[in-house]
Amino acid sequence: MDMINCFIDTGSEILAGRSQHPQDSRWQGFSHNWNFLLSVKGEARLQFRGNYCALPRHSLILISPDGIRNFTTEEEWDSLWIHFERNLYFNDVIEWEEKIPGVWVLPLKNADFRIMHHLFIQMVQIAARRERFWRRLIYCLIQEAVLRGNMIFGRAGSSFDTALAHKMLSNLQENLSMDEIAERCGLSRSAFFAKFTSTFDVSPRKYRENHLMITIQTLLETTDMSINDICQHVHMSNPFYLSARFKACFGISPREYRKRFRVTVTSGE
């Protein structure tokens with residue numbers, strides 16, 4: 001039996017969630033927002049602006065605004081999705097294949113799918129909680145997903161192991177030097193910086209700094225660790241240096257950030 005749903009939004013809001021549809025379902029939506037999806041299970045078919053394309057299992061899908069989207073499931077379909085406004089937080093070029101005008105589809109292998117699935121889960125959770133700085137953080141995750149899509153699409157024929165580079169830059173415990181990371185990627189330092197920056201549109205140092213700041217932010221929000229303990233956890237030289245870098249990033253000290261965050265959570269804002 002067909003199930004028909006309709007979704008309309010104005011383009012001024014960030015919306016995210018998980019959708020599950022049985023086989024032979026149909027639904028329609030119109031949005032002034034971009035629609036970013038991760039196909040988790042099954043396969044669906046999309047009609048957009050008079051053209052059709054398949055949305056296979058384990059694929060990343062980006063749909064441009066201002067068009068009626070008609071979905072039909074070929075089998076039971078499970079997806080994670082987010083509607084967002086492409087604004088000054090997000091201006092990246094999409095390099096993966098445009099299947100039909102306004103619709104980009106990127107098949108993912110298992111390891112890449114697991115990373116994307118984690119990113120989309122984070123986006124859905126952040127959009128639901130709407131805590132302090134949630135918009136800025138969610139756009140960082142959207143940008144990371146698009147950049148990863150570009151990286152995956154451009155990986156063929158490249159000797160640069162971007163997954164390995166990401167793993168090493170994100171490992172705050174080992175804290176490898178840039179020379180060590182470049183060597184493990186089989187590249188000179190200059191070639192590593194050039195290839196990484198070309199793929200991620202950000203330098204390796206900035207990429208590591210962003211990951212470090214998000215880690216500190218998460219620890220301030222979710223634990224009672226002291227600043228000294230957090231400093232040791234992320235392997236920074238001293239708490240004053242940590243505080244200075246955190247304030248340069250967020251415009252507020254770690255202690256003041258934690259205080260304001262807890263006031264906001266307690267008040268329910």
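User: At what angle do α6 and α8 pack, and how far apart are their axes?

Analyst: About 100°, with the axes 11 Å apart. The axes are lines fitted to C-alpha atoms, for helices over the stretch in contact, and angles run from 0 to 180 degrees between N-to-C directions. Helices here are DSSP runs of H or I, at least four residues, and strands are runs of E, at least two, numbered from the N terminus.

User: What makes α6 "roughly perpendicular" to α8?

Analyst: The label covers 65 to 115 degrees; under 35 is roughly parallel, over 145 roughly antiparallel, and the rest oblique. At about 100°, the pair therefore earns "roughly perpendicular". On the α6 side the contact (heavy atoms within 4.5 Å) uses Glu-209, Leu-212, Met-213, Ile-216, Gln-217 and Leu-220, and on the α8 side Leu-242, Arg-245, Phe-246, Cys-249 and Phe-250. By class that's eight nonpolar, one polar and two charged, where Ala, Val, Leu, Ile, Met, Phe, Trp, Tyr, Cys and Pro count as nonpolar, Asp, Glu, Lys and Arg as charged, and the others, Gly among them, as polar.

User: How far should I trust all this?

Analyst: It's a predicted model, numbered from 1 along each chain as the sequence is written; local features need pLDDT of at least 70, side-chain atom pairs count only at pLDDT 80 or more, and totals for chains, interfaces and linings use all residues. Side-chain values rest on heavy atoms, with hydrogens and water left out. Mean pLDDT (the predictor's confidence in each residue, from 0 to 100) is 85, and 89% of residues reach 70 or more. Confidence bottoms out in strand β1 (residues 6-9) at a mean of 42 and peaks in β7 (residues 59-63) at 96. Residues 1-11 fall below 50, though that stretch has 33 contacts in the model beyond near neighbours in sequence.

User: Why are α5 and α6 called oblique or roughly perpendicular to each other?

Analyst: Their axes come within 9 Å and cross at roughly 60°, and they are therefore oblique. Arg-189, Phe-192, Phe-193, Phe-196, Thr-197 and Phe-200 of α5 meet Pro-204, Arg-205 and Tyr-207 of α6. That contact splits into six nonpolar, one polar and two charged.

User: And what is the orientation of α3 and α5?

Analyst: α3 (residues 162-170) and α5 (residues 189-200) cross at roughly 95°, axes within 11 Å, and are therefore roughly perpendicular. Thr-162, Ala-165 and Leu-169 of α3 touch Phe-192, Phe-196, Thr-199 and Phe-200 of α5: five nonpolar, two polar and no charged.

User: Which residues line the largest cavity?

Analyst: Asp-112, Ile-115, Met-116, Arg-148, Met-151 and Ile-152. On a 1 Å grid over the protein atoms alone, a cavity is a set of points where a 1.4 Å probe fits but cannot get out; a pocket is an open set with protein on both sides within 12 Å along at least five of seven lines, and lining residues have an atom within 4 Å of a point. The lining has four nonpolar, no polar and two charged residues.

User: How big is the largest pocket, and what is its volume?

Analyst: About 1,400 Å³. Its 43 lining residues include Leu-137, Cys-140, Leu-141, Asn-210 and Ile-214, the closest to its centre. The largest share, 11 residues, comes from α6. The lining as a whole divides into 18 nonpolar, 13 polar and 12 charged.

Definitions and conventions
Points joined across faces, edges and corners; volume = space filled by probe spheres on them.
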